[in-house]
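The following account leads the reader through one protein model, from its helices and their surroundings to individual side chains. Please keep the sequence and the structure in view while reading.

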Amino acid sequence: MVPVTAPTALRVALLGCGVVGTQVVRLLTEQSADLAARVGAPLELVGVAVRDASAPRDPAVDRALLTEDAEGLVRRADIVIEVMGGIEPARSLLLSAVAAGASVVTANKALLAEDGPTLYRAADEAGVDVYYEAAVAGAIPIVRPVRESLAGDRVRRVLGILNGTTNYVLDQMTTNGLGLDDAVRQAQALGYAEADPTADVEGFDAAAKAAILASLAFHTRVRIDDVSREGISSVTADDVAWAAQTGHVIKLLAICEVTDEGVSARVHPALVPSGHPLATVRGAFNAVFVEADAAGELMFYGRGAGGAPTASAVLGDVVSVARHRVLGGKGPAESHYAQLPIASPQEAVTRYQIRLEVDDRPGVLAQVAQLFAERGVSIEAVRQAPRPAAGDGPAGVAHLVITTHDGTETALAATVAAIEGLDAVQTVTSVLRVEGA
Ligand code: NDP
Ligand code: HSE
């Protein structure tokens, strides 16, 4: 009889034990038997690196595993999970890990969007995996579908709500009439937004995710600096009310597409028609649409943030890279063979809705329309609308809402500048893009 030897345990190091890391520890512990069966070998958590090992922790975390020596920890692991965030020391630690032969799993979108290729190259040379499902849209499986399931197709466009905090904020402004600051405070109280909400509110978080998705979808290196970014800090309660009056909701969208000029990636608030599926994405949820030549349209929806949902994505990656170590082989390397140019944000084509207050007298609309025509921006619809709170506008002022057909940012900006120069125009109140129509 052949003696049966127990498979050798795989040593797992965890970098970071905050919102996500704590849930990773919990799942690794609670599901250890299932995970061992799925991997074909037990996963042994050998250490948890934190900034302050004496700080209070969730009871799920065995304090004996805590260490402040992250560099020492990564050298004694087969798999390193990085959920500490930030660029350094995360980058150096992951590079040390792959140099020592460990596979890595990370949720760190900021690092990948800033300098992912350095890590991918190092991992490729070392013959180990880098997996990062949790870095984009939390629990939603989107990295693997784009990287693997759609590898035989040609992706044209990725459009989505990639930031749960801003979606919650805009949803509160829409459904409960909150102002931006109150809605952000509420998001902080619920643990969605951090004490410093800049990364979410100003669109940096969504831009990092857009860079990662665009890189995967278009086989081209796209960095966060290549993404044109505008957050929601300028969205007013008035914008939200007008959006409703014109049959829209405002969403912070990430849009990655291939155009004749190359890869275009942008993050900005946009008007979405109320009947569009993205308009129904409420609270802190995320949703992503992918359009591919053969597959057509695909939609992914779920929780884009939070400890347990994000830990679910992390653990899925851990099982994949662990299986590779047990069975041999490795996952796909970075694919950037297409090397498409990055298109100028000024050439991005979309529709716009412009609101302006003008003198209410004959000929003004014709003057405004003329400026659009001169710059090749085609008007789809004009309405002279009552203000949302009817009757509270000053006498002699007309509120125009102009929606355009597709036009470039350059043409639109030139048109708006010209409109602002008209004597009859009192103010251009807002310029918002319209998507998903
Ligand atoms: P937290 O701030 O809650 O936790 C960070 C952890 O990393 C803490 O335990 C901290 O230690 C530790 N840490 C930070 N810097 C160092 C350092 N220099 N040396 C050692 N340990 C360090 O972050 P989150 O859990 O929210 O996020 C982690 C990662 O996951 C980020 O990259 C984030 O973008 C990503 N992510 C987060 C999601 C979420 O919903 N929170 C969703 C998707 C991705 P200490 O506890 O001692 O301070
Ligand atoms: N802060 C992010 C969000 C979660 O609100 O979606 C981490 O990616």
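**Helix packing, domains and two buried side chains**

The buried residues of helix α1 are covered by elements that include β1 (10–15), α2 (32–39), β2 (43–49), β4 (79–82) and α12 (307–327). The model described here is a predicted one. Which residues of α1 are buried? They are V20, G21, T22, Q23, V24, V25, L27 and L28. Helix α1 itself runs over residues 19–30 and has 12 residues. From its first C-alpha to its last, α1 reaches 17 Å, close to the 16 Å expected at 1.5 Å a residue.

The wider setting is given by the division of the protein chain into domains. Domain 1 is made up of 10–136 + 308–327, domain 2 of 143–303 and domain 3 of 348–434. The centres of domain 1 and domain 3, taken over C-alpha atoms, are separated by 52 Å.

A second helix, α14, covers residues 409–420. Its end C-alpha atoms are 16 Å apart, which agrees with the 16 Å that 12 residues should span at 1.5 Å a residue. Within α14, E409, A411, L412, T415, V416, A418 and I419 are buried. These buried residues pack against two strands, β13 (349–359) and β17 (425–434), and also against α13 (364–374) and β16 (407–408).

Attention now turns to single residues. In strand β5 (residues 103–106) lies T106. T106 counts as buried because its relative accessibility is 1%, under the 20% cut-off. What does the side chain of T106 meet? It forms a polar contact of 2.6 Å with the side chain of E82, and one of its polar atoms lies 2.9 Å from the backbone nitrogen of N108. Setting aside neighbours within four places in sequence, T106 is in contact with E82, L94, L112, Y131, Y132 and A135.

The last residue considered is K209, where UniProt, in an unreviewed entry, places the feature "active site". K209 belongs to helix α10 (residues 204–218). Is K209 buried or exposed? With a relative accessibility of 3%, K209 counts as buried. The side chain of K209 reaches the backbone oxygen of L162 at 2.8 Å. L162 is also among the contacts of K209 once neighbours within four places in sequence are left aside; the others are K109, A135, V136, A137 and N163. A135 thus appears in the contact list of K209 and in that of T106.

Definitions and conventions
Residues numbered from 1 in each chain as written. Chains lettered and ligands numbered in written order. Predicted model: local features only at pLDDT ≥ 70, side-chain atom pairs only at ≥ 80, totals over all residues. Heavy atoms only, no water. Helix = DSSP H or I, 4+ residues; strand = E, 2+ residues; numbered from the N terminus. Expected span 1.5 Å × (residues − 1). Buried < 20%, exposed > 50% of the residue type's maximum accessible area, 1.4 Å probe, protein only. Contact = heavy atoms within 4.5 Å. Domains from an automatic or database assignment. UniProt positions renumbered as here; feature names shortened; annotations may be inferred. Polar contact = N/O pair within 3.5 Å; in protein donor to acceptor, adjacent residues only side chain to side chain.
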